[in-house]
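User: Walk me through this one, please. Start with the terms you count by, then we can go to the details.

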Amino acid sequence: KKAFIKAAGFLMTAASLLTGCASDKMYTLRDEAIEKFEQGSYAEARLLFDEALSEGNGQVSEIQFDILRYRAECELRQKDYEAAMSTYGILLKLDPSEENRELYYDLLEQFERAKEINAAFEIMASGDYEAAYEEMDKYASLGGDSSAALAWYNKAVCAENLGKWEEAASLFKDYLAVYPDDADARKEYDFAKTR
């Protein structure tokens with residue numbers, strides 16, 4: 001009987017240590033992913049967020065919701081709107097917190113705006129930069145969500161293509177103040193300010 005109790009105690013301790021390691025690894029991966037996210041490396045961040053989620057051992061907790069929210073933001077910034085919509089849907093189904101419901105509905109609204117911005121991309125692709133500029137201007141903001149920042153960036157691209165060099169440089173400069181690690185924006189800014 002004593003041997004059984006000792007063995008059971010050992011197994012419970014080992015199980016708690018293993019669970020703690022998985023949890024620690026999940027937090028470590030999450031922190032690494034957030035660092036990549038803040039550097040603008042959204043693809044790398046997304047992979048790390050997915051890896052962190054796999055460390056959850058099938059349990060759903062607040063940390064997984066946090067990771068999913070970050071992953072959805074990465075998906076938006078990568079213009080993978082269908083994946084973002086799917087992630088928001090998962091959050092709505094799994095997170096029992098009523099206070100988070102408003103947040104998730106807000107994220108779904110962001111997705112809808114992103115789809116509208118995507119329609120403006122199609123206008124850009126057709127070469128009608130004036131119309132695309134007007135569409136992007138409706139949604140462009142650096143104080144809002146990532147789809148609004150994406151609209152800001154592309155408004156600057158439209159200004160550039162319309163030969164509005166000073167405005168394009170100013171828009172890129174403001175964008176870089178918020179997203180200083182965006183190499184594409186830096187390149188566009190450097191080009192526009194020399195014109």
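Analyst: Helices here are DSSP runs of H or I with at least four residues, strands are E runs of at least two, and both are numbered from the N terminus. This is a predicted model, in which local features need pLDDT of at least 70 and side-chain atom pairs count only at pLDDT 80 or more, while totals for chains, interfaces and linings use all residues. Residues are numbered from 1 along each chain as its sequence is written, and side-chain values use heavy atoms, with hydrogens and water left out.

User: How many helices and strands, then?

Analyst: Nine helices and zero strands. The order from the N terminus is α-α-α-α-α-α-α-α-α.

User: And what share of the residues is buried?

Analyst: Of the 195 residues, 41% are buried. Buried means under 20% relative accessible area, exposed means over 50%, and partly exposed is in between (1.4 Å probe, protein chains only).

User: What about contacts across the chain?

Analyst: A contact is a pair with heavy atoms within 4.5 Å. Among contacts between residues at least 6 apart in sequence, 49% join residues at least 24 apart.

User: OK, pockets. How much space lies in the largest pocket?

Analyst: About 420 Å³. There are 20 lining residues, and Gly40, Tyr42, Arg77, Tyr175 and Asp182 are the closest to the centre of the pocket. Helix 1 (2–38), helix 7 (146–161), helix 8 (165–178) and helix 9 (183–194) are the elements that give two or more residues to the lining.

User: What counts as a pocket and its volume?

Analyst: On a 1 Å grid over the protein atoms alone, a pocket is an open set of points where a 1.4 Å probe fits, with protein on both sides within 12 Å along at least five of seven lines; lining residues have an atom within 4 Å of a point. Points are joined across faces, edges and corners, and the volume is the space filled by probe spheres set on them.

User: Which helix gives the most to that lining?

Analyst: Helix 7, with four residues. By type, the lining of the largest pocket divides into 10 nonpolar, four polar and six charged residues. Ala, Val, Leu, Ile, Met, Phe, Trp, Tyr, Cys and Pro count as nonpolar, Asp, Glu, Lys and Arg as charged, and the others, Gly among them, as polar.

User: Tyr175 was on your list. What does tyrosine 175 contact?

Analyst: Leaving aside neighbours within four places in sequence, tyrosine 175 contacts Leu142, Ala149, Trp152, Tyr153, Asp182 and Ala185. Tyr175 is also one of the residues with the most contacts inside the largest nonpolar core, along with Tyr88 and Phe172. That core has 56 residues. A nonpolar core is a set of buried Ala, Val, Leu, Ile, Met, Phe, Trp, Tyr and Cys residues joined through side-chain atoms within 4.5 Å.

User: Take alanine 149 from that list. Buried or exposed?

Analyst: Alanine 149, in helix 7, counts as buried because its relative accessibility is 4%. Its C-alpha is 7.6 Å from that of tyrosine 175, 26 residues away along the chain. Not counting residues up to four places away, alanine 149 touches Ser141, Leu142, Tyr175 and Tyr179.

User: Switching to helix 6. Which of its residues are buried?

Analyst: Ala132, Tyr133, Met136 and Tyr139, in a helix that spans residues 129–139. They are on the same side of helix 6, because they cover an arc of only 125° around the axis. The arc is that of the directions from the helix axis to the C-beta atoms.

User: Why would spaced residues line up like that?

Analyst: An α-helix has 3.6 residues a turn, so residues three or four places apart point the same way.

User: What covers the buried residues of helix 6?

Analyst: Helix 5 (98–125), helix 7 and helix 8 are among what covers them. From helix 7, asparagine 154 contacts Met136, as well as Phe121 and Met124, neighbours within four places aside. Asparagine 154 counts as buried, at 6% relative accessibility.

User: And from helix 5, what does isoleucine 123 touch?

Analyst: Isoleucine 123 touches Asp128, Ala131, Ala132 and Glu135, not counting residues up to four places away in sequence. At 26% relative accessibility, isoleucine 123 counts as partly exposed. Isoleucine 123 and glutamate 135 are 12 residues apart in sequence and 8.9 Å apart, C-alpha to C-alpha.
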